[in-house]
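Please open the structure in your viewer and keep the selection tool at hand. The tour below proceeds from one selection to the next and states what is to be found at each stop.

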Amino acid sequence: MEKTEAKLLQEKLFYKKKNAGLILSDEQVRECDDFCENYKKFLDSSKTEREAVDFAVNLIKKEGFVEFSSKQSLKPGDKVYLNNRGKALIFAVIGTEDVKNGVRIAAAHIDSPRLDLKQCPLYEDNELALFKTHYYGGIKKYQWPAMPLALHGVIVKSDGSKVEVNIGENENDPVFCVTDLLPHLATEQVKRPANEIIKGEELNILIGSRPFRDDEISEKVKLNIMKILNEKYGIIESDFLSAELEAVPAIKAKDVGFDRSMIGSYGQDDRVCAYTALMAGVNCKNPKKTTVTILADKEEVGSDGNTGLKSAYLKYFIYDLAKAFGCDGREVLSKSECLSADVNAAYDPTFSDVLEKNNAAYINKGVAVTKYTGSRGKAGTSDASAEFTGRVRNLLDRNGVIWQTGELGKVDLGGGGTVAAYIANLNVDVIDVGVPVLSMHSPFEIVSKIDVYMAYRAFSVFFAD
Ligand code: MN
Ligand code: MN
């Protein structure tokens, strides 16, 4: 049937987000699915910021990246990295064009919401051994009980030696668990407001129940656990004082849906953008502009601290890079461009009230480009200029990257921020680009495989341009 004039005119003049499944060929969809197989492996092996840095450093070393020093002389094609305390990473590929014309930055974060152990975590109560926790980042606390947890992190002993902990992920490992109240006795509990259904001090992790056999002493279960920990890790209780131990869901990344079109996993905010930016940074050979990929820590708690992007380490890295080429750091920054690689909320038909249909991001409609985040009248955001937004729009269209706009929820319903503002404050042009996520910040976040691949394509064409 022939299209009417009105239909043709509509197609020409209207903006409409389209499902990528209707645009891509079968082969292209397969390419997206294939890319995600290794992404799932990354998710399973990188559940903390430290593990994500280890994964990335291993990969880039194999690709010929060497540790950056401000004194070394650099030439186009050189590959360098800066490992910030094992918890954040910057790596760069030197471009053919002069660094003083600016660099191309993609910045993702590798920390995710979780339960951190307190400094004195271990206690016994009525012959059960438990860990006290202090949750990290924005969680709905009621989502964390009654699900298997794994424990990851490091313990630094008084002699300075470091023990790595990773337990609960292997098939034969034990797991740990926050208990919840049975419904039969929850009459009072369920009357609490949702943010107190489980209170912060109720996020206690059950770790043991068998006593050390002895008639004299108290805290026999705690002693038995401490004995096991001493045998396994060589630690004593005071070693917890200088530890970073993180409890995360002991669940592996899984395909979601009969059509296997989606991935469900813990920690996809923001390891989905970390992985795609990492692969784009590694696979971009001989770029014109120097490419800089950042995997940052501490985004989920406001980016403060020396491994978060409010710290000066990015600025210092750019300054040192500039120095290696005999130019000014501030000149480089002022001409640089950045994709702040972070996720956005995907439209959820079950909770459609909170999203404004025209401006929300949707599963399968491509990578989301978010001009501004923030809350209460765009406070706390870097609002990308029309010029830079136009440039990124042109770049993605020109290279056949399927993308969509995405605004985080209805006006005044809440909001959020990313690292975009901190990088923009260094006088860099920045816009948020990332994957739409369902159930964000929950123990099992969901993304579309096509959107994941489109994020990888977006970062790749940005670096290659
Ligand atoms: Mn994020
Ligand atoms: Mn987040």
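The following stops concern a predicted model, beginning at a metal site and ending at a residue in a strand.

**Stop 1: the manganese ions**

Select the manganese ion that is ligand 2, and display the residues around it. Which residues coordinate this ion? The donors are an OD atom of Asp269, two OE atoms of Glu300 and the NE2 atom of His441, at 2.1 to 2.6 Å. Along the sequence, these donor residues follow the spacing D-x30-E-x140-H. Now add ligand 1, also a manganese ion, to the selection. The two ions are 3.3 Å apart, and Asp269 coordinates both of them. Asp269 and His441 join distant parts of the chain: Asp269 belongs to helix H5 (residues 268-283), His441 belongs to the loop between strand S20 (436-437) and strand S21 (445-448), and 172 residues separate the pair.

**Stop 2: His441**

Keep His441 selected and show its side chain. Is this residue buried or exposed? His441 counts as buried because its relative accessibility is 19%, and buried means under 20%. Asp269 is buried as well. Next, display the side chain of Glu300: the side chain of His441 makes a polar contact with it at 3.1 Å. Leaving aside residues up to four places away in sequence, His441 touches Pro113, Gly138, Gln143, Asp269 and Glu300. Two residues of this list, Asp269 and Glu300, are also donors to the manganese ion (ligand 2).

**Stop 3: a cis peptide bond**

Return to Asp269 and select Asp270 with it. The peptide bond that joins them is cis, with omega at about 10°. Asp270 is found in helix H5, the helix that also holds Asp269.

**Stop 4: an open sheet**

Switch to a cartoon view and select the strands S5 to S11. They form an open sheet of 7 strands in the order S8-S7-S11-S5-S6-S10-S9, and the pairing is antiparallel. Which strands lie at the edges? They are strand S8 (162-167) and strand S9 (177-178), each of which pairs on one side only. In general, strands of a sheet pair through backbone hydrogen bonds, in a parallel or an antiparallel manner. Strand S9 pairs with strand S10 (residues 205-208) in the antiparallel sense, over 2 bridges. To find one bridge, select Cys177, whose partner in S10 is Leu206.

Then add helix H4 (residues 220-233), which lies across strand S5 (114-125), strand S6 (128-136), S8 and S10. The helix runs at about 130° to S5.

**Stop 5: two positive phi angles**

Select Arg260, in the loop between strand S12 (254-256) and strand S13 (262-265). Its phi is near 55°, a positive value in a residue other than glycine. Proceed to Lys298, in the loop between strand S14 (291-296) and helix H6 (313-324). Lys298 likewise is a residue other than glycine with a positive phi, near 70°.

**Stop 6: Thr370**

Finally, select Thr370, which lies in strand S17 (residues 367-370). Why is Thr370 described as buried? The reason is that its relative accessible area is 3%, and the limit is under 20%. The side chain of Thr370 reaches the backbone oxygen of Gly406 at 2.9 Å. Residues up to four places away in sequence aside, Thr370 touches Asn344, Gly406, Ile431 and Asp432.

Note on methods. Residues numbered from 1 in each chain as written. Chains lettered and ligands numbered in written order. Predicted model: local features only at pLDDT ≥ 70, side-chain atom pairs only at ≥ 80, totals over all residues. Heavy atoms only, no water. Donors = N, O, S within 2.8 Å, 3.2 Å for Na, K, Ca; no water. Helix = DSSP H or I, 4+ residues; strand = E, 2+ residues; numbered from the N terminus. Buried < 20%, exposed > 50% of the residue type's maximum accessible area, 1.4 Å probe, protein only. Polar contact = N/O pair within 3.5 Å; in protein donor to acceptor, adjacent residues only side chain to side chain. Contact = heavy atoms within 4.5 Å. Pairing = 2+ DSSP bridges. Axes fitted to C-alpha atoms, helices over the stretch in contact; angles between N-to-C directions.
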